[in-house]
Each structure stands twice: as C-alpha cells, then as structure tokens.
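Colleague: I should like to take a close look at one part of this model and then see how the parts around it are arranged. Please give a connected account.

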Amino acid sequence: MQKHITEAYTNPELLHEKEYSQAVEEAIALLDSGKLRVAEPVNEGEWTVNQWVKQAILLYFRLRGMETIDAGPIEYYDKIPLKRGYEGMGVRAVPPAVARYGSYLAPSVVLMPSYVNIGAHVGAGTMVDTWATVGSCAQIGEHVHLSGGVGIGGVLEPLQAAPVIIEDHCFIGSRAIIVEGAHVGREAVIAAGTVITASTHIIDVTGSEPVTHTGYIPPRSVVIPGSRTKHFPAGDYEVPCALIIGQRKPSTDLKTSLNEALRLF
C-alpha cells in the first residue's frame, strides 16, 4: 500500500489504475479506524511522521468529487464525507459537531460543537470543547481537554513537516492557539489565550536563569502568555512569548479532574 501511494503521489495519472486508487482508499479507511496514524510515538517524547500517509490524504482529495452531504436538516457540499456511527464508536457528539471521515475518534471522546479534520487522531477520554478546532493530521492524546475556542493547527504540506502533537492528560485553556507542528508534552497545562508556534520562545523562568525552548513544551509545564523585548532597527518593542512558570501540582489535577466528572455524569 505504501509503495503504491508513493508512486501515485509522484505520478497522479496512476490513480486511474484500480490498484493505486484502492491503496489510497484503504489508507484513509485505516486512518478512520485508528489503525494507521500520520505520526506516532517511537520513544518517550519522540515521534515519527509517516509522510506517505499525508500523501494518501492529498491523493484522496484528487480521487473525490464534490457532492451534497445531508446531515439531518443541515446540508454540506464537499469532497470528504462526514464521520458516522458515533454510537458504535462510543463517542458523544453534540450538534453541530463535525468530524470528517479519515479522522479517528477513540471511545469516550466528547465532541461539543466543534470540528475535527481528516487525518487527526483524538485519544480516548478527550474532550473537544465548544468551537475548538482540531486541524488536519493533529495528534491529540488521551484524556486531554481542549477548552472552548482552542485552535489546533493542521498540516498536510510540506510532507516532512510534523503535525501538532498534544500528549496525554494535557489541559489547553480557552482560546489558546497551538500551530506549526508545536509539541506539547504530557500533562502540560496551557493557560487561556496562549499562542504557541514553531518559532515561539517558550521561556522557563522557574530557575535562576531563563531556559528557552522553541516549538516544544516539556511535560507537566504550566505555561502562560508573556512578552519579551526585541531590538529592531526602529527601536525596542515587546513581542509575544510563552512563559513556563512552574510544574503541574496535585491541586491543578484536582481542578482538571472536574472535567472528567462532567464527562461521566
């Protein structure tokens, strides 16, 4: 399957041959069922990107034609079908939540009115809260809370680019934005309104000297929005950054466990 997809990506005319189009369809079906992932962990905190799976998604767009999609009284017009069968998956989907076919939702995921794009992988027990978006190929761990209005960026091209990765048990505050392949370590807490990109300076200010990360938040970090002074030809100005102000505490775990109780009851 991987060989056929790689060859068809180089020469799209091959999609006219059944064995190549079937390989693409099979890859998307495996993505939809969670048996295949765009990116997957290989060691603690280390992930590998399966570029050929991204190629399959892009080829799937070529294969699909535009069609009308009915969802009760709501009508869509698009190339990619919507996910269906939430009851069988053990997923709670609150209208008008939308997840595209080719995304994976594990059992006990809760979708408030939100959006999950093709290629995304959402782990068990995760809540995607109201108006939160999970972009194409984003990898969301288990028991994560994406609060209201959170924006998780997507990526299809360039092929080698890593998707956004949010590891297990993270809490992402309302209106936070995490894009450009940023990686959030396990159990981190991101405050409301924080913006994390591939180039954002993430400065650990808990020690005697600042320690700067870019594109990566260490596990159990508590992160808030900040600013730093940067020199430009026209003068010194404040530019956004993120500040690691401590480590997650048991009291934080108690607060975030409220969300678990709300899901259960």
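Is Arg100 buried or exposed, and what is its relative accessible area? Please set the answer in the context of the sheets and helices.

Modeller: The model is a predicted one, and the values below are computed from it. Arg100 is buried, because its relative accessible area is 11%, and the cut-off for that term is under 20%. In the chain, Arg100 occupies the loop that runs between strand S6 (98-99) and strand S7 (104-105). Leaving aside residues up to four places away in sequence, Arg100 touches Asp32, Phe61, Asp78, Ile80, Pro81, Leu82, Lys83, Tyr115, Val116, Asn117 and Ile118. Ile140 offers a reference point along the chain: Arg100 and Ile140 are separated by 40 residues in sequence and by 16 Å in space, taken from C-alpha to C-alpha.

Two of the residues touched by Arg100 lead to the helices. Asp32 is among the contacts of Arg100, and helix H2 covers residues 18-33. Phe61 is likewise touched by Arg100, and helix H3 covers residues 51-63. H2 and H3 pack with their axes 9 Å apart, at an angle of about 115 degrees, and their crossing is left-handed. From H2, the contact draws on Ser21, Val24, Glu25, Ala27, Ile28 and Leu31, and from H3 on Val53, Ala56, Ile57, Leu59, Tyr60 and Leu63. Sorted by class, these residues comprise 10 nonpolar, 1 polar and 1 charged.

H2 also meets helix H1 (residues 2-10): the two axes come within 9 Å and cross at roughly 115 degrees. H1 and H2 are therefore roughly perpendicular to each other, and H1 passes H2 in a left-handed crossing. On the H1 side the contact involves His4, Ile5, Glu7 and Ala8, which meet Glu19, Tyr20, Ala23, Val24 and Ala27 of H2. The class count for H1 with H2 is 6 nonpolar, 1 polar and 2 charged residues. Val24 and Ala27 of H2 appear in the contact with H1 and again in the contact with H3.

Strand S6, at one end of the loop that holds Arg100, belongs to an open sheet of 6 strands in the order S6-S9-S12-S15-S18-S21, with parallel pairing. S6 and strand S21 (195-196) stand at the edges with a single partner strand each, so one side of each has no neighbour in the sheet. Within this sheet, strand S12 (residues 133-134) and strand S15 (residues 151-152) run parallel and are joined by 2 bridges; Val134 has Ile152 of S15 as its bridge partner.

A further open sheet has 10 strands, ordered S5-S8-S11-S14-S17-S20-S25-S26-S22-S23, and its pairing is mixed. Its edge strands are strand S5 (92-93) and strand S23 (211-214), each paired on one side only. Strands of a sheet pair through backbone hydrogen bonds, in either the parallel or the antiparallel sense. Strand S8 (residues 110-111) pairs with strand S11 (residues 127-128) in the parallel sense over 2 bridges, with Val110 opposite Met127. Strand S22 (residues 201-204) pairs with S23 in the antiparallel sense over 4 bridges, and a hairpin of 6 residues joins S22 to S23. S22 also pairs with strand S26 (residues 235-247), here in the parallel sense over 3 bridges. Asp204 takes part in both pairings: Asp204 stands opposite Val211 in S23, and the bridge partner of Asp204 in S26 is Ile244.

How values were computed
Residues are numbered from 1 along each chain as its sequence is written. This is a predicted model: local features need pLDDT of at least 70, side-chain atom pairs count only at pLDDT 80 or more; totals for chains, interfaces and linings use all residues. Side-chain values use heavy atoms; hydrogens and water are left out. Axes are lines fitted to C-alpha atoms, for helices over the stretch in contact, and angles run from 0 to 180 degrees between N-to-C directions. Angles under 35 degrees count as roughly parallel, over 145 as roughly antiparallel, 65 to 115 as roughly perpendicular and the rest as oblique. A crossing is left-handed if the near helix is turned anticlockwise from the far one by less than a right angle, and right-handed if clockwise. Contact means heavy atoms within 4.5 Å. Ala, Val, Leu, Ile, Met, Phe, Trp, Tyr, Cys and Pro count as nonpolar, Asp, Glu, Lys and Arg as charged, and the others, Gly among them, as polar. Two strands pair if DSSP finds at least two bridges between them. Buried means under 20% relative accessible area, exposed over 50%, partly exposed in between (1.4 Å probe, protein chains only).
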